[in-house]
Amino acid sequence: MANRNRPAGGGDLPGKDTPSARHEVDPPARARTIDPAAEEMLQIADQLGISTAFQRVDEVKPCPIGGEGACCKVCFMGPCRFTGKDKEDKRGVCGATLSTVAARNYIRSVAGGASAHADHGRGIAMALLAVGRGQAPDYHVKDPQKLRRIAAEFGLELDGKDDQKLAEELALAALNDFGRQEGHQIMVSRAPAKRIEKWEKYGVVPRGFDREVVESMHRTHAGTDQDAEHIMDQAVRLALADGWGGSMIATDLSDILFGTPKPIASEANLGVLKDDQVNIIVHGHEPVLSELLVDATQDPEMLEYAASKGASGINLSGICCTSNEILMRRGIAPAGNFLHQELAILTGAVELMVADIQCVFQGVVEVARNFHTEIVTTSPKAKIEGATHIEFDEHRALAIAKQIVRRAIDNYPNRDRTKVHIPQEKSAVIAGFSHEYIRYMLGGTFRGSLTPSTTTSSTARSRGSPPSWAATTRG
Ligand code: SF4
């Protein structure tokens with residue numbers, strides 16, 4: 001098990017000529033992952049004494065209170081602990097039961113996660129608003145057909161309006177929906193009538209997103225909602241508010257701005273990193289910067305600058321959801337998932353990792369200290385101690401993207417070749433199955449429906465698992 005306090009970089013790296021760690025991996029590494037590339041990098045982490053989440057998951061023992069029972073910190077008469085065999089019988093200082101405390105803790109987690117999703121949607125709406133107002137010259141409406149379709153759903157008048165005007169109106173309507181005080185969210189109308197009927201029956205039709213979060217926090221304030229089932233009903237309404245008023249808006253507005261995905265071939269895993277190129281990894285969730293980074297890395301001026309530093313090109317890849325955004329629209333290869341973020345840096349071949357929001361381990365900065373890799377945060381909402389902060393602004397997006405790429409290129413000569421170890425592991429992938437594309441494949445514009453698919457299943461002409469691509473469609 002790795003020791004977090006061991007001096008960084010204290011071990012020798014297996015050279016490129018040594019047999020692949022895939023075949024000689026030690027038992028602990030094999031038990032921690034089924035991915036051969038991750039397995040290979042974990043062995044290197046162990047040899048260098050560099051801590052990753054894979055080690056910390058063993059080192060960090062679950063909090064005995066949270067692991068066994070619950071802790072309430074809602075007010076300062078506590079914290080109150082609910083543990084032991086009699087935890088169900090225990091009461092907080094205020095008299096709260098374990099069920100109430102568990103429900104309150106749960107809905108506060110839902111509020112946090114839902115807020116992250118919805119704030120992402122709000123960020124895309126703000127970008128669309130800047131485009132509509134002519135303040136973001138580096139972006140354009142890439143799917144005007146979808147712009148009109150979604151604008152119509154929001155009840156906007158389409159006639160006589162160009163894309164820019166409509167983009168502004170739709171952005172304002174979407175932003176207004178987040179703060180809607182009366183009635184339900186616009187997107188809820190997409191749900192089947194029977195589903196809405198059920199939501200109405202249980203009183204969980206989502207209202208404006210912000211209202212649901214504020215009400216959830218209010219209800220869980222000390223001395224307010226103290227009926228666990230009643231709190232859980234609100235958790236359902238809040239979760240629906242996220243799905244229908246946060247994530248759905250984020251997806252639709254992203255498609256309008258950056259294009260609705262259609263199938264595109266790429267590759268995935270740490271093997272997409274390149275030994276002789278400037279490697280930049282995007283990490284986080286938002287496409288507004290990563291889209292422009294794709295353009296910046298393909299810019300002839302940047303490629304020429306990279307060549308001047310001895311690199312044969314600029315290789316952009318990704319981790320996590322922002323990676324998905326540029327995979328499904330631009331075919332940019334993911335270097336891995338959430339769990340590969342520290343492992344990618346361990347390859348010693350990453351010049352710069354640019355992170356925006358959500359799912360970014362604070363641990364990446366610590367791992368990067370062992371290499372030349374620079375971690376750059378970009379969101380005004382998220383900084384990490386020890387990382388460089390270059391704040392993103394959609395009004396001058398391309399200039400900022402080029403600034404980041406140039407920084408990565410400048411860092412390329414600092415790469416220590418003796419520390420480079422890129423696993424060869426990568427897989428072919430086809431991404432980009434938007435629901436629009438699936439409908440097109442199942443009948444096209446004139447008879448687009450899921451009928452061909454359901455008919456073949458119900459008549460037993462097609463059996464078993466759905467086609468493999470179903471697993472790669474966007475949720
Ligand atoms: S709300 Fe009640 S259970 Fe929670 S910390 Fe305060 S006194 Fe304790």
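Which residue in β7 stands opposite Ile281? Keep that in mind as you open this predicted model, and let's walk through it one selection at a time.

**Stop 1: the whole sheet**

Start by selecting the strands β6, β5, β4, β7, β8 and β9, in that order: they make up an open sheet of 6 strands, with parallel pairing. At the edges you will find β6 (334-336) and β9 (388-389), each of which pairs on one side only.

**Stop 2: β4 and β7**

Now for the opening question. Select β4 (278-284) together with β7 (residues 352-355). These two strands pair in the parallel sense over 4 bridges, and the residue opposite Ile281 is Met353.

Stay on β7 and show its side chains. In a regular strand, side chains alternate between the two faces of the sheet. Here Leu352 and Val354 are on one side, Met353 and Ala355 are on the other, and all of them are buried, which leaves both faces of β7 covered.

**Stop 3: across to β8**

Next, add β8 (residues 374-377), which runs parallel to β7 and is joined to it by 4 bridges. Two pairs are good to label here. Leu352 stands opposite Glu374 in β8. To get from β7 to β8, the chain passes through helix α16 (residues 363-368), and this β-α-β crossover is right-handed. The other pair brings back a residue you have already met: Met353 stands opposite Ile375 in β8.

**Stop 4: β5, covered on both sides**

Go back to β4 and select its other partner, β5 (314-319). The two strands run parallel, with 6 bridges joining them. To see one such pairing, label Ile280 and its bridge partner in β5, Leu316.

How many of the residues of β5 are buried? The count is 6 of 6, so the strand is mostly covered, given that a residue is buried if 20 or more other C-beta atoms lie within 10 Å of its own. Colour the two faces separately: Ile314, Leu316 and Gly318 are on one side, while Asn315, Ser317 and Ile319 are on the other.

**Stop 5: out to β6 and over α14**

From β5, step to the edge strand β6, which runs parallel to β5 and is joined to it by 2 bridges. Ile319 stands opposite Gly336 in β6. The chain's route from β5 to β6 goes through α14, in another β-α-β crossover that is right-handed.

Show helix α14 itself (residues 320-330), which packs on the sheet and touches β4, β5 and β6. Its direction makes about 110 degrees with that of β4.

**Stop 6: the loop around His184**

Leave the sheet and select His184, in the loop between α8 (163-178) and α9 (193-202). Is this residue buried or exposed? His184 is buried, because 21 other C-beta atoms lie within 10 Å.

Leaving aside neighbours within four places in sequence, the contacts of His184 are Val205, Pro206 and Arg207. Try the distance tool on the last of these: from C-alpha to C-alpha, His184 and Arg207 are 4.3 Å apart in space, although 23 residues separate them in sequence.

**Last stop: α9**

Finish by selecting α9. Of its 10 residues, the number buried is 0, so this helix lies largely in the open. Just after α9 comes Gly203, with a positive phi near 65 degrees.

Notes
Residues are numbered from 1 along each chain as its sequence is written. This is a predicted model: local features need pLDDT of at least 70, side-chain atom pairs count only at pLDDT 80 or more; totals for chains, interfaces and linings use all residues. Two strands pair if DSSP finds at least two bridges between them. Two residues are in contact if their C-beta atoms, placed from the backbone, lie within 7 Å. Axes are lines fitted to C-alpha atoms, for helices over the stretch in contact, and angles run from 0 to 180 degrees between N-to-C directions. A residue is buried if 20 or more other C-beta atoms lie within 10 Å of its own, exposed if 12 or fewer, and partly exposed in between; C-beta atoms are placed from the backbone. A crossover is right-handed if, with the strands pointing away from the viewer, the path from the first strand over the helix to the second runs clockwise.
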